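Trainee: I have a new structure to get to know before I go back to the bench. Please take me through it, starting with the terms I will need.

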Amino acid sequence: MQEKINDMKRIMTALLMLMAVAICGLAENRIAIFEVSPKMHCENCENKIKSNLRHESGVKRIATSLKKQTVTVTYDSDKTSPEAIAKGFAKIGYTAKPVTSAPNRKAKVGVGAKTVRKQAVCCEADTTAMKKVEKR
C-alpha cells in the first residue's frame, strides 16, 4: 500500500513539474526600441542606462546603440510594458520615446574607445572618476 502511495506522489510531482514548465513557456518576450533624451554621448551614458534599467521588473536584455541613438529592450510582456519601461528611464533622468516594437529585431551593442574621449556634460562626473583611476 505504501508503495502505491509513493508511486502516486511521484506521478503527481511529475505532473506538477510538467504544468509549471508549460506555464513558464507561455510568457512572451517582446522587444521595444526607444529613443532617449538627453542623447547618449559615450559608453558611460550607455552603462548608466543598462545598469539601472536591468533592475526594472520584466526586463530581460538591454542593448544600446550610440550610432542610432536607440535603446533596445527585450522584456517579458506578462510583467511589464513599454510604458512601464519608459517610467524606468525617467527614474534615471531620461525621457524615452518608444520607436517601434518588433519581436525578432536585434540591435548592435558597443562603442569605440575614441568616443569616450569626447565627453558631454552628462558624463563629466564619471569622467573625473575615470581620470583619477587612470592616474594610479
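Mentor: Happy to. A residue is called buried under 20% relative accessible area, exposed over 50% and partly exposed in between, using a 1.4 Å probe and protein chains only. Please keep in mind that this is a predicted model, where local features need pLDDT of at least 70 and side-chain atom pairs count only at pLDDT 80 or more, while totals for chains, interfaces and linings use all residues. Residues are numbered from 1 along each chain as its sequence is written, and side-chain values use heavy atoms, with hydrogens and water left out.

Trainee: Let's begin with charges: how many salt bridges does a search of the whole structure find?

Mentor: A salt bridge here is a side-chain nitrogen of Lys or Arg within 4 Å of a carboxyl oxygen of Asp or Glu. Side chains of opposite charge can pair when their charged atoms come close. Searching the whole structure gives a number of salt bridges equal to three.

Trainee: How far apart are the closest N and O atoms of Glu28 and Arg30?

Mentor: Glu28 is partly exposed at 39% relative accessible area, and Arg30 is partly exposed too, at 37%. Their salt bridge has its closest N and O atoms separated by 3.5 Å.

Trainee: Which residue meets Arg10 in a salt bridge?

Mentor: Arg10 counts as exposed, because its relative accessibility is 56%. Its partner is three residues away in helix α1 (residues 2–24), about one helical turn; helices here are DSSP runs of H or I with at least four residues, strands are E runs of at least two, and both are numbered from the N terminus. The partner counts as partly exposed at 34% relative accessibility. With an N to O distance of 3.1 Å, the residue that pairs with Arg10 is Asp7.

Trainee: Which residue in the loop between α2 and β2 is linked to Lys91?

Mentor: Lys91 sits in helix α3, 35 residues from its partner, so to speak of the pair is to speak of distant parts of the chain. Lys91 is exposed, with 62% relative accessible area, whereas the partner counts as buried at 18%. The two side chains meet at 3.2 Å, N to O, and the partner of Lys91 is Glu56.

Trainee: Now the rings: what is the angle between the planes of Phe34 and Phe89?

Mentor: Rings of Phe, Tyr and Trp (its six-membered ring) pair if their centres lie within 6.5 Å; planes under 30 degrees apart are stacked, over 60 edge-to-face, and the rest tilted. The structure holds one aromatic pair. Phe34 and Phe89 have ring centres 5.2 Å apart, and the pair is tilted because the planes stand at 55°.

Trainee: How many residues apart in sequence are the parts that this pair ties together?

Mentor: Phe34 and Phe89 are both buried. Phe34 belongs to strand β1 (residues 29–37) and Phe89 to helix α3 (residues 82–91), so the pair ties together parts whose separation in sequence is 55 residues.

Trainee: Which residues of α3 are buried?

Mentor: The face turned away from the buried side carries the exposed residues Glu83, Lys87, Ala90 and Lys91. The buried residues of α3 are Pro82, Ile85, Ala86, Gly88 and Phe89. They lie on the same side of α3, because their arc around the axis (taken from the directions from the axis to the C-beta atoms) covers only 150°. So the buried set to remember is Pro82, Ile85, Ala86, Gly88 and Phe89.

Trainee: Which residue's backbone oxygen lies 2.8 Å from a polar atom of the side chain of Gln69?

Mentor: Gln69 lies in the loop between β2 and β3 and counts as buried at 16% relative accessibility. A polar contact is a pair of N or O atoms within 3.5 Å; within protein, one must be able to donate a hydrogen and the other to accept it, and residues adjacent in sequence count only if both atoms are side-chain atoms. The Gln69 side chain reaches the backbone oxygen of Leu66 at 2.9 Å. At 2.8 Å, the backbone oxygen is that of Met40.

Trainee: What is the omega of the cis peptide bond that joins Ser37 and Pro38?

Mentor: Most residues other than glycine have a negative phi, and most peptide bonds are trans. Pro38 lies in the loop between β1 and α2. The cis bond joining Ser37 and Pro38 has an omega of about 5°.
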